[in-house]
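Me: Could you take a close look at the ligand site in this one for me? I'd like a single connected walk-through.

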Amino acid sequence: MERVDVAIVGGGPAGTSAAERAASHGAETVLFEQGVPREDRDALGPDSTDAAGILDYWIDIMDFDYREIPDDVIHRELEATEFIGPSSALELTTTGIDASYPKFGYTFHRTRMDDWLHERATDAGAEIRIGTSVTDLETNLRASSPKGPTHTLTLSSGDQLEAQYVVLADGPQRRVTIDALDQFTPPGRSISNHLSPPEANHIAYQEYREFPPELFEEFDDRLKFWWGYIPGETAYPWVFPNDGTVARVGLTMPIGMRLEDVDNPSSYVLLEPDDETLPSGSEYITRLLEREYGDEYDVETDIPIAEDRGKSKGTETYPISSTRPIDSPVGANIAVAGGAMGATSAFHEGGYHVAVRTGKIAGRLAATDSLEHYNELWKRAIGDEILRNVAFADIVEDYEPDDWDRAFDVVTDMQADGADDVLLSKRYSAGLDAMKILAGYKKRKYRYRNGNYVQFVEDQYLY
Ligand SMILES: Cc1cc2nc3c(=O)[nH]c(=O)nc-3n(C[C@H](O)[C@H](O)[C@H](O)COP(=O)(O)OP(=O)(O)OC[C@H]3O[C@@H](n4cnc5c(N)ncnc54)[C@H](O)[C@@H]3O)c2cc1C
């Protein structure tokens, strides 16, 4: 049987970053990527979920010098982000967090960025096998290797391969991760109860739309999010500017939610009185565009779908499952990185940066026989970011449209000007609402301090 030092499952940002670091540190490294077709890539590649926005300090979290990122990866440099509530709006021109990148952030060409990470991994000496899925992983805890447990990976080709260390980077669908970790969870207590509970299952849908130039100019340097427009936890539409005058207009919404489950349907801007069911993603987007631009433009002819993009005629649909993160079973020589470990934010779905960083750490530690430090080191690197996201996700969990309006008004009153955690952490006396929000945020941060945001800790694995 073929044998390697480090095997990596999944070739997204987490997997390729792990491969690059592992190979750079001298490990014989192989990465398996099932391979997904896209209109904007000639051959199969990773599943490049193209809704790519990066904030300034995320580049530091990725541990990149922003100057090394190739120019053709960046679509738009951003100056701001806008949050729009049913009857209020908020513009932020700073994230308020120290960062080396001089702008607010950027939108990027996800496929090119993913391909750049692949190139770096290959240049470092990693072998990348695109078009080969991993179908099974079995761990031999009692292996005779002096380095401890080994793993047998079964591939879609039917071949098998043995690896000393495995980095699981199969993304938030976790098709390999769940069974691999369940080797070490108590009977009847699958890790999927933590990583894929039904309430965390969302669908993301987006369309590439060609905008009239004068309209595109209104948001060519900003991300726009509409909160309190559609029902459901972390359910919101957005617009991200791309190249030319194309923007991605998308949304996330819960899977399985029914109109009957919505407490106050008439308060949601994008629901209509004669709706009998919740609208589909594409219907929501049409309604959003109609509401925002329908007065002056004919949406279908003036803002058409750019059909030569994305996965399916200018549209893309992805399942998402964002939760709190888990520790990895490092005692079994396994690290879980990126979306698979629950690092993608349940608050805003951002996760490219934490995927790159956790992948880098996992790859380096696997190559240097020090994987036992992984759980400690990823917390040191991304713990503050996870803490912020988890606390925010908790606060807004039950927000209804009015709450969004109130929160945006409060923050506008605060005239946030560059404090750490710009939305909430300044000591303003902007009224009772501000104090309530601030107190709620602090309470949650306190609850999740010292790594308490981890929902399945290392000690819970049974070896
Ligand atoms: C709609 C949407 C919008 C988003 N917007 C942003 C954003 O603006 N900014 C941001 O930072 N993040 C964003 N994210 C989150 C970001 O895309 C993820 O956090 C990030 O891709 C996670 O990286 P990953 O490497 O862990 O997983 P993925 O990128 O999901 O990569 C996993 C890879 O594993 C492969 N794979 C799966 N199973 C197997 C198998 N059995 N064998 C071999 N290969 C396998 C898949 O094909 C895939 O390529 C968004 C996500 C979505 C869905």
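Reply: Sure, starting with the shell: 38 residues sit around the ligand, and Glu33, Gln34, Asp47, Ala51 and Gly339 come nearest (a residue counts as near if one of its heavy atoms lies within 4 Å of the molecule). Bear in mind that this is a predicted model, where local features need pLDDT of at least 70, side-chain atom pairs count only at pLDDT 80 or more, and totals for chains, interfaces and linings use all residues. Numbering runs from 1 along each chain as its sequence is written, and side-chain values use heavy atoms, with hydrogens and water left out.

By class, the shell splits into 18 nonpolar, 14 polar and six charged residues (Ala, Val, Leu, Ile, Met, Phe, Trp, Tyr, Cys and Pro are nonpolar, Asp, Glu, Lys and Arg charged, and the others, Gly among them, polar). At least two shell residues each come from helix H1 (13-24), strand S2 (29-33), strand S16 (315-321) and helix H9 (352-367); these are DSSP runs, with helices (H or I) of at least four residues and strands (E) of at least two, numbered from the N terminus.

Now the polar contacts (pairs of N or O atoms within 3.5 Å). The side chain of Gln34 puts an N or O atom 2.7 Å from a ligand oxygen. For the side chain of Thr49, the corresponding distance to a ligand oxygen is 2.9 Å. Tyr352 uses its backbone instead, with a polar atom there 2.9 Å from an oxygen of the ligand. As for cover, the ligand taken alone exposes 990 Å², and the protein buries 94% of that (Shrake-Rupley areas, 1.4 Å probe).

How values were computed. Polar contact = N/O pair within 3.5 Å; in protein donor to acceptor, adjacent residues only side chain to side chain.
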